[in-house]
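These are my notebook entries from going through a structure with two chains in front of me. I wrote down what I looked up and what I found, one topic after another.

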Amino acid sequence: MSGRRLFTLLLWCYAGAVFAFIFAPIVVSFIVSFNSDRFPTLPLGEFSTQWYEAIADDPTLWPALRRTIIVGAVVAVIATLLGFGAAYTDYRFRFFGKNFYLALALLPPTIPVVILGLAMLVFLSQIGLFGQLHSVILSHVVLCMPFAMALVRLRLSQMDPSMEAAAWNLGASEWRTMVEIILPFTLPAILSALFITMAVSFDEFAIAFFVSGFAETLPVRILAMFQGQVSPRINAIGSIVFTVTMALVILAQVALLARNPARTRLAVAKAAAGESTDHG
Amino acid sequence: MTIGSAGAVLRRMLPHAEGVRAVSTATVDRHKPDQGSVPPEAARPNWFGLTFGLPAFVWQLALFATPLVFLVVMTFWQVVNFRPTPAFVDDNWVKLLSAGYFWDIYFRTFLYGLLAAAVASLMAFPLSYLLAFRASANIRWLAVFLLITPFFTSYLVRTYTWKVILTGNGMVNAAFGYLGLGPFAMVNNLFGTLVGYLTLVLPLVILLQLFSLAYVDRNLIEAAHNLRCGALRTVFQVIIPSAKIGLVLAATFAFILSFGDYVSPTLLGGSRPPTLSILIVDVVKSGANWPEASVIAVMMSVTLLAVCFAALIFAYGRGGRRA
């Protein structure tokens with residue numbers, strides 16, 4: 001038995017090493033962003049906010065950040081709407097060519113972004129939509145929609161299948177059932193889909209690099225900075241973006257926990273009661 | 001109309017109506033069962049269904065499928081006066097597929113992908129095993145949460161930070177210096193590229209392996225234990241065969257992501273020697289030779305399809321799911 005314990009202990013040490021590897025770049029990025037050295041090494045320099053001041057003064061970053069936020073927000077809304085529709089379609093309907101439909105809806109993330117970016121560049125430039133902000137939006141929705149669809153579809157598979165049928169049975173129309181049963185039940189997934197798709201769009205640079213032209217988004221700008229010079233300003237930007245993203249994710253989690261799935265059952269009862277008074 | 005027959009009608013109409021009767025018995029007898037309110041042909045798309053299903057279909061058809069098909073068309077175009085011009089010639093294919101440098105880059109990229117998939121799978125497995133079988137549920141959930149975190153950080157920034165850590169006079173070499181070792185060359189070579197690939201794929205591979213191990217039948221492991229099968233033997237003869245599909249899927253994802261990655265070989269590998277993604281970007285940036293870049297992209301896509309297909313056959317084929 002002690003051999004087994006030793007084995008498990010060794011495994012835990014190994015696990016610690018792997019997690020250290022995964023989190024090293026994230027933690028070090030924070031440290032480096034507050035470190036005075038331009039070429040950070042051991043021992044570390046002094047505490048300094050100079051890199052944050054430098055990015056605040058950088059005239060090229062703010063327009064790029066503004067574009068990224070616009071793209072992210074618009075992409076999140078469109079991708080979540082489309083993804084919700086696709087997930088509900090998969091959940092509810094059977095039809096000819098459904099496998100093709102699902103392939104079309106789910107495959108984009110498995111295509112390397114370089115290929116997808118090139119394909120978008122070649123195609124969008126033919127139809128005159130190249131090199132503007134909406135080129136990035138159109139392309140990012142393609143990439144982000146499958147994530148939204150997967151999240152909503154997972155949530156729908158947790159739903160008691162009889163709930164929707166029960167609402168119809170009690171006289172609610174399909175639209176009313178959608179608004180009072182499906183939407184409240186999938187709301188947590190819809191919220192996470194909004195955040196996840198926004199995060200994916202925020203970080204995506206290969207497609208944006210191909211199609212954005214002069215409308216550079218932040219990741220494309222960072223890549224350009226990268227090739228120009230080494231600077232902890234990149235870490236400062238990364239730390240800010242990470243903090244904001246994590247704050248959004250945690251807020252989404254809190255919003256999720258605050259919503260009790262039991263309320264959906266209440267909604268069934270309420271829809272039924274409302275419907276019966278309508279008829280009465 | 002009796003409740004039973006209403007239930008039967010519903011069951012025929014709705015694919016998910018198995019539980020309808022349980023819910024409806026309590027309420028239906030209070031109202032008149034209003035059949036008009038049950039959507040006819042609920043299982044087939046109607047206007048209501050098309051409202052939800054069609055937008056995503058149209059969007060992905062127009063902006064995902066069409067560009068990919070157009071990419072294949074583009075491979076037959078010609079570049080005239082630095083502009084891609086409609087034509088139907090095989091020049092681009094012949095030129096690229098007969099070039100020695102293309103095949104060098106192709107096989108190198110393929111090997112890099114295989115290497116990343118193998119290293120990531122081997123590194124991930126002990127951890128996934130530990131979390132699936134030796135850790136408490138709370139620790140497991142904490143680990144899953146931690147493994148999701150990197151997806152919310154910029155892959156670019158993480159790669160950049162690795163460069164800071166691993167560079168000639170970076171932190172790792174400084175630490176080695178205190179021990180009287182080094183400095184070691186850890187960037188602008190294969191090691192750097194591999195660190196970048198692992199940064200990209202390792203959390204995903206661990207998560208996929210963990211989920212596949214979570215579905216291994218605990219009774220099998222219990223049985224192996226009762227039959228005095230040692231821990232290691234149980235891993236190789238019971239757990240790995242049972243979780244084969246998930247393990248192969250994780251390795252395949254690692255291959256797909258690494259094979260197509262542009263960031264790691266550029267920033268940590270130093271672009272030399274190039275990979276296929278670097279070649280595409282170079283061809284597009286210098287000279288705007290879209291037809292030639294399209295040939296490379298189509299070759300990459302065909303390769304990935306073949307690899308996915310092979311992985312599926314391997315996962316579901318010989319050996320089966322059960323040991």
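**Entry 1: chain A as a whole**

I began with burial in chain A of this predicted model, and I found that buried residues make up 49% of its 280 residues. I then looked up the secondary structure and noted twelve helices and zero strands in chain A, so that I could write down its elements from the N terminus on as an unbroken run of α. For the contacts within chain A, I took those between residues at least 6 apart in sequence, and 81% of these join residues at least 24 apart.

**Entry 2: confidence in chain A**

I next checked how confident the predictor is, and the average pLDDT of chain A is 83, with 89% of the residues scoring at least 70. Which elements of chain A have the lowest and the highest mean pLDDT? I found the lowest mean, 52, in helix H12 (residues 262–279) of chain A, and the highest, 92, in helix H3 (residues 61–92) of chain A. I also marked residues 275–280 of chain A, where pLDDT stays under 50 and where the model has six contacts beyond four places in sequence.

**Entry 3: where the two chains touch**

I looked up the contact between the chains, which takes 79 residues from chain A and 82 residues from chain B. On the side of chain A that touches chain B, the largest share comes from helix H1 (residues 2–33) of chain A, with 16 residues. I sorted the residues of that side of chain A by class and wrote down 57 nonpolar, 16 polar and six charged.

While I was at helix H1 of chain A, I picked out A:Phe23, which lies in this helix. Is A:Phe23 buried, exposed or partly exposed? I recorded A:Phe23 as partly exposed, because 15 other C-beta atoms lie within 10 Å, whereas a buried residue needs 20 or more and an exposed one has 12 or fewer. I also compared A:Phe23 with A:Ile70, and the two are 47 residues apart in sequence and 29 Å apart in space, C-alpha to C-alpha.

**Entry 4: a covered helix in chain B**

I turned to helix H14 (residues 276–285) of chain B, which is mostly covered, as eight of its ten residues are buried. Among the buried residues I noted B:Leu276, B:Ile278, B:Val281 and B:Val284. What covers the buried residues of H14(B)? The cover includes helix H5 (113–126) of chain A, and from chain B it includes helices H5 (100–134), H12 (244–260), H13 (263–268) and H15 (290–316).

**Entry 5: helices that pack together**

I followed up three helix pairs, and for each I wrote down angle and distance, since two packed helices are described by the angle between their axes and the distance between the axes.

For H12(B) and H15(B), I found an angle of about 170 degrees with the axes 9 Å apart, and these two helices are therefore roughly antiparallel to each other. The residues that make this contact include B:Val248, B:Phe255 and B:Phe259 of H12(B), and B:Leu304, B:Val307 and B:Phe314 of H15(B). By class, the contact of H12(B) with H15(B) has 14 nonpolar, two polar and one charged.

For helix H9 (residues 190–214) of chain B and H12(B), the axes come within 9 Å and cross at roughly 165 degrees, so this pair is also roughly antiparallel. I noted the crossing of H9(B) and H12(B) as right-handed. Among the residues in contact are B:Leu200, B:Leu204 and B:Phe211 of H9(B), together with B:Leu249, B:Phe253 and B:Leu257 of H12(B). I counted this contact by class as 14 nonpolar, four polar and no charged.

The third pair takes one helix from each chain: the axes of H5(A) and H15(B) come within 10 Å and cross at roughly 140 degrees, which makes H5(A) oblique to H15(B). This crossing is left-handed. Here A:Ile115, A:Leu118, A:Ala119 and A:Val122 in H5(A) meet residues of H15(B), including B:Trp290, B:Ala297 and B:Met300. The contact of H5(A) with H15(B) has eight nonpolar, two polar and no charged residues.

**Entry 6: a residue in a loop**

Last, I looked up B:Phe88, which lies in the loop between strand S2 (83–85) and helix H4 (91–97) of chain B. I recorded B:Phe88 as exposed, because it has 8 C-beta neighbours inside 10 Å.

Methods:
Residues numbered from 1 in each chain as written. Chains lettered and ligands numbered in written order. Predicted model: local features only at pLDDT ≥ 70, side-chain atom pairs only at ≥ 80, totals over all residues. Helix = DSSP H or I, 4+ residues; strand = E, 2+ residues; numbered from the N terminus. Contact = placed C-beta atoms within 7 Å. Nonpolar A, V, L, I, M, F, W, Y, C, P; charged D, E, K, R; others polar. pLDDT = per-residue confidence, 0-100. Axes fitted to C-alpha atoms, helices over the stretch in contact; angles between N-to-C directions. Parallel < 35°, antiparallel > 145°, perpendicular 65-115°, else oblique. Left-handed = near helix turned anticlockwise from the far one by under 90°.
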